[in-house]
Amino acid sequence: VLETKAASSSAAGLSWARVCKECGQQHEGLESHLYEYQDEVDDELVCHICLQPLLKPMDTPCGHTYCFLCLSNFLKEQDFCPVDRQRIQLHQCRPSSLLVRNLLDKLAVTCPYYEECQQQMQRCELQPHLHNRCPVFRRLREEAERRKRPSWHELKGRKGEGELPGDAKLSVLLSRNPTREQPDPGLINPAFEESEEDNTPLRSSLVAEANTVELFRDEPEEDLGFRIVGGKDTPLGNIVIQEIIRDSIAARDGRLAPGDHILEVNDISLASVPHGRAITVLRQPSLLRLTVMQEKGFKYKDPRSDHHAISAPTIASSQTSPSHHSNATSSNNPGTVLQVTLMKSQRSEPLGIKLIRKSDESGVFILDLLLGGLAAKDGKLRNNDKVLAINGHDLRHGTPESAAQIIQASEVRVNFVVMRTTECQDEAGSSSSREGQHGRAARRAVEPQYFRRRSTYMKDPPGGFSSQEKTVCLKKEPRLSLGITIAGGRDCRNRLPVYITSVQPVGCLHRDGTIKRGDILLSINGVDLTQLTYNEAVSVLKAQTAQSQVVLRVIQTLSDDSEEDSSAVSRDEMDLMDDLRDDTLNWTPLWTRWLGLPSHMHWCRDIVLHKTNNESWGFSIVGGYEESHGQQPFFIKTIVPGTPAHFDGRLKCGDEIVAVNGATTVGMNNSSLIPMLKLQKNKVTLTVVSWPGSLV
């Protein structure tokens, strides 16, 4: 273990070229990374070659574990295990178990520039900390850029004033224990909640695990079927899955879920890449091997006992901890989440449930309960209930076939988590006091969160993003087409403005060259297009194009990182990406294109969440005002399984929070918004702007 004081040197004398971009220390490129560990590391986690905590641990057939780099270098010269000298070859060795890798990732380390930075973190969080938050590392990088490209650096410096600190950008949490310390700027730790009785934190932590998912495209241009948000050029920092598209490759595979953080693709790290570069990597043909970090929920300790449980979509703890059971069944609009346990007399006994899928909504639904069957006798499940999970398996984007397999493989206990719409509750009446509460909830007036509306919250876009208006005046033959195709409209799912999907080479706009694919239409001949539906916009464009003179106003969104992106993504890669997506009917802008749109063109909606006093809302955020970085919007970064935000289903990663209970978040910092959210004991109204993620 290295001594912290000896290694935490100042930036003086450091060479940026020799500084490792992963661990922050100076070492040769083929040498192992160096870390400064806070505590003594168990001998079982130490490599017997380098005598340091394991990095990318590999298990030998004879049962010993070494760093991958140490073992591969050793076996270049020798053909035996360093400990027992049994003959081995590298291809016989396998990566260590997930448990070992998680334990290593959670080792506490200090920043190599601790004297100035004063930050401590888990080992897996050091690299994003260095690239996004550490002032010494950032200063070294900026000095190197200034020497290399002084003119470009002036632009980069202006962008840097609006960047978020690093820990606010990436929190790959394997098991993060809450403390009394101030939360990291820009990040709500959803595992930290204060109890009302003694004002002490609940002993809980957020449980996540890294998994590998392989997806195969039959055709090179076939969509994998999920949308992503984030990237190092955005406040989110890392790449996050926003949505799984129904009936897609990813949906049929069933292992990916919204909120998963993509760490690697075919051994290419996505930890510090721009959004556009991540898209290019994910659009590689054929086989993709994704390493993803998946949230599993909260691990808590009941203060009345030593029993531990995971608060995820399961009711394994409902009988041993009634208070947590009531938390999970709190009423959430547009329905109520219920947990139901069915006990079979023997494993082969059928439940008597018919499951279906719907054409207009993803997931699994109960069509009918067979008369005399186990579920019908129990009486708690009902027709049209949406099945969120069975025995802890997330089925929000599942199929009836996968649900049936889970039920058939279960023992005598089958745990259901279902969402029941308020209409179903009203029809069922209130045969008990608990059902009576549901009935009262169902009879409430329709709340405004069902409707999107034009946003009145004025704010600046995230740092590094902006927009500019362009006006084109054309004199043309009345019958000559403009040569553009459009999409969007305020009647589409995300209430997008009308945007251009292609500029045809035969039209007059192509010859002018000002209008580009992705530009948003503002007006034509003075007729406003920003609030129209798709069909209304088509009608207006056809009518105005028939005139001999056309004045077209559009808005183009810009990114200050365009130069940096062009250096990271080659022109060939960008051309390939456009060629693969050159379907004018299905082309959609990347998520980052929407971030620079001025706020008067945003549409927002209210999402009302309900919870009990001791629950977390179940989401983390990045953003807010900081003196050294300026104002950044607040974005949803993580949604935790088994929480009100997760069960409600409308809040998405990448959503921008513009108001809380009607109060604007503009000008707020983290220390203002976090207490405001925690003070809302049972209900909170979040006003959000949601843009569709980039389709992969």
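Which residues are buried in helix 2 (residues 68-77)? In this predicted model, local features require pLDDT of at least 70 and side-chain atom pairs count only at pLDDT 80 or more, whereas totals for chains, interfaces and linings use all residues. Residues are numbered from 1 along each chain as its sequence is written, and side-chain values use heavy atoms, with hydrogens and water left out.

In helix 2, the buried residues are Cys70, Leu71, Ser72 and Leu75, where buried denotes under 20% relative accessible area, exposed over 50%, and partly exposed in between (1.4 Å probe, protein chains only). Helices (H or I, at least four residues) and strands (E, at least two) are DSSP runs numbered from the N terminus. The cover of these buried helix 2 residues includes strand 2 (57-59) and strand 3 (65-67). An unreviewed UniProt entry lists residues 47-85 as "domain: RING-type"; such positions are given in the numbering used here, feature names are shortened, and annotations may be inferred rather than shown by experiment. Over residues 47-85, helix accounts for 26% of the chain and strand for 15%, with the end C-alpha atoms 16 Å apart.

In strand 30 (residues 619-622), Phe619 and Ile621 point one way, Ser620 and Val622 point the other way, and all are buried. Strand 30 pairs with strand 31 (residues 634-639) in the antiparallel sense over four bridges, pairing being assigned if DSSP finds at least two bridges between two strands. Isoleucine 621 has isoleucine 636 of strand 31 as its bridge partner.

The protein chain as a whole contains 21 helices and 35 strands, and 53% of its 696 residues count as buried.

Terms used: Contact = heavy atoms within 4.5 Å.
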